[in-house]
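Subject: Structure handover

Hi,

Here is the structure I promised to pass on. Could you open it and keep it on screen while you read the notes underneath?

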Amino acid sequence: MSVITRDEAQLRAQLLDVHRYTVELDLTTGDETFDSRTVIRFTARSAGDTFVELKPASLRTVTLDGQPLDPETLDGNRLPLRGLTAGEHELRVDAAMRYSRTGEGMHRFTDPTDGETYVYTQMFLDDVQRVFAAFDQPDLKAVFELTVTAPDGWSVLANGITEHLGQGRWRAAATPLISTYLVAVAAGRWHSLHTEHRGLPFGIHCRRSLAAHLDTDAEEIFDVTRACFDRYHEKFEEPYPFDSYDQAFVPEFNAGAMENPGLVTFRDDFVFRSAVTDTERQTRAMVIAHEMAHMWFGDLVTLKWWDDIWLNESFAEYMGYQTTLEATRFTQPWVEFGVTRKAWGYDADQRPSTHPVAPEAVDDTAAALLNFDGISYAKGASALRQLVTWLGEKNFLAGINIHFERHWFANATLADFIDSLAAATDRDVHAWAEAWLRTTGVDTLSPRVAAADGTLALTVDRAGSRPHRITVGLYDHDLTDEGRLTPREHISLDVPQSAPQPIGKRPALILTNDGDLTYAKIRFDDESFEAVRTGLSGLPEPLTRAVVWNALRDAVRDGELPPAAYLETARTHLPRETDLAVAEGVLAFAAHEVTDRYLRPEDRPAALATLGSLCRDLLRRTEDGDNPGLRLIAVRHFIDVAAHPDTIAAWLADDTVPGGPELDPELRWRILGRLAVLGATDEAAIAAELDRDPSANGQEGAATCRAALPDPEAKRAAWDAMFASDDLSNYLFTATARGFWQPEQADLVRAYVPRYYQDVVTLAARRGPAIAAAAGRWAFPYHAVDAENLALGEACLREAEPVAALRRKLVDELDDLARALRVRDA
């Protein structure tokens, strides 16, 4: 069995007290494997049997208390330890371990730009056993001492400050008590920048080919890091609990970032090598704040078992956005959260795979891995934002600090957390948690106006079961500007209400959940919808507009608003939008969901033309250089929806958009990718562009372009690369998959739809969870919105027994497919 169950973990935690790991890694033994020698010192509280986990290429020797154990007893990833006596023990394991090319365990990457090689660990959730032997569960915390032998000229980063001992040997300072999944190592010829803050060394690191780009943004990254660090020390009574703070931007990283104490790893897409919008810079700042919050909530106090993932992720998600708002120059992070992250949560919570924010039972690690989703992040953060609204920030932070004090360098559960909050308030936090954290689904809030005692009164009807503290915005038409809606009043309400709320005369717009303080879908009455249709862009606050756009999005997905009406509203109001996150979110949904999936194929050309026209309006509006971020968004989306190649081909030939911007590598690959879809480029042009940009991003761009070519041989080669071989790294697999399926090429790839369900099951079982998840998401035939595709997918789930990571992705994709069919029928 490759997973550990909750029951097994509880039994092992009762038996063992793990004290210290001494780990020696040798990275000089070749390109395929590295040597791993581990000494684990632990206590058995009573006599009994247990096991240690590892996934070696070869297991050379094992000794327990000086006595050899038979390596042949290794069963899968479990090495049995039988006949333990009560008392102290020492386990020694010597093994060769495989490097990963899928972002799991010890990932190895060679930069095509300069040939430099980098390795880094991603131990989450149960991948430490790909690097060294461990009792791999979060509640067996221990001290970790690491020594790493690396090739000459490499530097080594780890959780603690590292010291070069000479001859390629590096020693990291011993950690405090941490969980196995939080151990981290990164090695290579890093480009490193250092500073000091509040007596602690801070560092940022990237591969050398990105050095100039990191240097450009270094001060911004350090400023955000210092500001968040200081703000957390104002919020939290417990000081930062580790000896240094390094942030390494690493290649081919599967997540956005990982909260390893003292060595946070980020995907190196956050080292921007092409132009980005200020919202993308805000997102980077938020991720920095998110991971830093984990230093306290996740690393200092850690979940006891994986049913409390939300204790890590929901907290860090909430704190990441709130602290970005409080501590940095970015003023609208909650707008991006509402448009992007919250929509992710709403979607996840309406699928068959939904689960409570805090599920009562996560049976094993395979099931736990599936719950790192929009519910554990976005819904959980929304719940916490609602909790702060209901409880008050002072009481919320008091409860958090009680929690840190009670569980310092230990483990905690949902019950522990709620008890800590309850100690800081007289409100019934336990009842709130039961209603919000143990239930699934999305409530819907709708306004209803009726006459009462000679005036109008408002009742907010609730479809659902949760209590909500909301702000209701009342808006009137501006008498001097018919297109503007001006706020008359903001009313705080508890839903369900004890009595209707008097509102005086009828407002043009009643907006429930103005300010986006709760987690619920909202609906409009007829008068409010008419006000939205004519005056959406005239609403003064971007967060208010984000709430309205989300409501329209939900109505389309629920079959209550025709997709064409959404496009018409976007065409009317988006040309006047100023907020970058709103503009990007609306255009993305309009293109990728409405145009590519919800509209029938015969209506798609007109929709593309509408979006192209909308983007042209944005380009005309930004010609004066006043809003370069909005212009960049318009350029990107104009490329993506181009139905004819002439304009974008001219941009590529001229290496610029008329009036700017000049084309950077990201835009050149984007144009070439769209030209490939349209059959307006060829392999020679792709190869020439790759010669111009031979970077890792260039390799991914070329893979996408080649897979997108409308040529049978190109499709065959892309399919074989994904499914018939294991040569593609996680990023190159995703890049190839993203190019393969195109709505314009439905006839060409029709025969591959049934092949997908045959080949993906084998691939997922062979290559593991990371590739399984990528294949289930990016390689899924999303363009085929038809009953045949749905039937094939449902048969696969019934008959083929896909691994858990793939099954979850297929369940979600097929539910989205069924939803698209319902929207088309509606």
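Below is what turned up, grouped by topic.

One thing before the details: this is a predicted model.

**Salt bridges**

As background, side chains of opposite charge can pair when their charged atoms come close. Over the whole structure, the search gives 72 salt bridges. I'll go through a few of them.

Let me begin with Asp 516, which pairs with Lys 342; their closest N and O atoms are 2.7 Å apart. The two residues come from separate elements: Asp 516 sits in the loop between strand S27 (509-511) and strand S28 (521-522), while Lys 342 belongs to helix H5 (residues 333-349), so this salt bridge ties together parts that are 174 residues apart in sequence. Are the two partners buried or exposed? Both Asp 516 and Lys 342 are buried.

Another pair is Glu 527 with Arg 506, where the N to O distance is 3.9 Å. Here Glu 527 is in helix H11 (residues 526-535) and Arg 506 is in the loop between strand S26 (501-504) and S27, so the parts tied together are 21 residues apart in sequence. Glu 527 is partly exposed, at a relative accessible area of 44%. Arg 506 is partly exposed too, at 25%.

There is also a network to look at: Asp 217, Glu 220, Asp 278, Arg 281, Arg 284 and Arg 329 are joined into one by salt bridges that share partners.

Finally, Glu 90 and Arg 92 form a salt bridge with their closest N and O atoms 2.9 Å apart. Glu 90 has 25% relative accessibility and counts as partly exposed. For Arg 92 the value is 39%, so Arg 92 counts as partly exposed as well.

**Around Ser 382**

Now back to Lys 342, from another direction. Ser 382 is part of helix H7 (residues 375-391). Its relative accessibility is 2%; buried means under 20%, so Ser 382 counts as buried. Which residues does Ser 382 touch, leaving aside its neighbours within four places in sequence? The contacts are Phe 337, Lys 342, Leu 517 and Tyr 519.

The loop between S27 and S28 also holds Asn 513. Asn 513 is buried, with a relative accessible area of 1%, and its phi is near 60°, a positive value in a residue other than glycine.

**A five-stranded sheet**

One open sheet has five strands in the order S15-S16-S17-S19-S18, and the pairing is mixed. Strand S15 (191-197) and strand S18 (257-258) are at its edges; each has a single partner strand, so one side of each is left without a neighbour in the sheet.

S15 pairs with strand S16 (residues 200-206) in the antiparallel sense, over seven bridges. To find your place in that pairing, take Leu 193, whose bridge partner in S16 is Ile 204. The loop between S15 and S16 contains Arg 198, and Arg 198 has a positive phi of about 50° although it is not a glycine.

**A helix pair**

Two packed helices are described by the angle between their axes and the distance between the axes. For helix H25 (residues 787-799) and helix H26 (residues 804-825), the angle is about 155° and the axes are 10 Å apart. That angle makes H25 roughly antiparallel to H26, because the cut-off for this class is over 145 degrees. Their crossing is left-handed.

What meets what between these helices? On the H25 side you'll find Ala 787, Asn 789, Leu 790, Gly 793, Glu 794, Cys 796 and Leu 797, and on the H26 side Arg 807, Leu 810, Val 811, Leu 814, Leu 817, Ala 818 and Leu 821.

**Backbone details**

Most residues other than glycine have a negative phi, and most peptide bonds are trans. The positive phi values of Arg 198 and Asn 513 came up above, and there are cis peptide bonds to look at as well.

The peptide bond from Phe 124 to Leu 125 is cis, with omega near -20°. Leu 125 lies in the loop between strand S9 (117-122) and strand S10 (143-149). Gly 660 and Pro 661 are also joined by a cis peptide bond, with omega about 5°. Pro 661 is in the loop between helix H17 (646-654) and helix H18 (665-677).

Cheers

Definitions and conventions. Residues numbered from 1 in each chain as written. Predicted model: local features only at pLDDT ≥ 70, side-chain atom pairs only at ≥ 80, totals over all residues. Heavy atoms only, no water. Salt bridge = Lys/Arg side-chain N within 4 Å of Asp/Glu carboxyl O. Buried < 20%, exposed > 50% of the residue type's maximum accessible area, 1.4 Å probe, protein only. Helix = DSSP H or I, 4+ residues; strand = E, 2+ residues; numbered from the N terminus. Pairing = 2+ DSSP bridges. Contact = heavy atoms within 4.5 Å. Axes fitted to C-alpha atoms, helices over the stretch in contact; angles between N-to-C directions. Parallel < 35°, antiparallel > 145°, perpendicular 65-115°, else oblique. Left-handed = near helix turned anticlockwise from the far one by under 90°.
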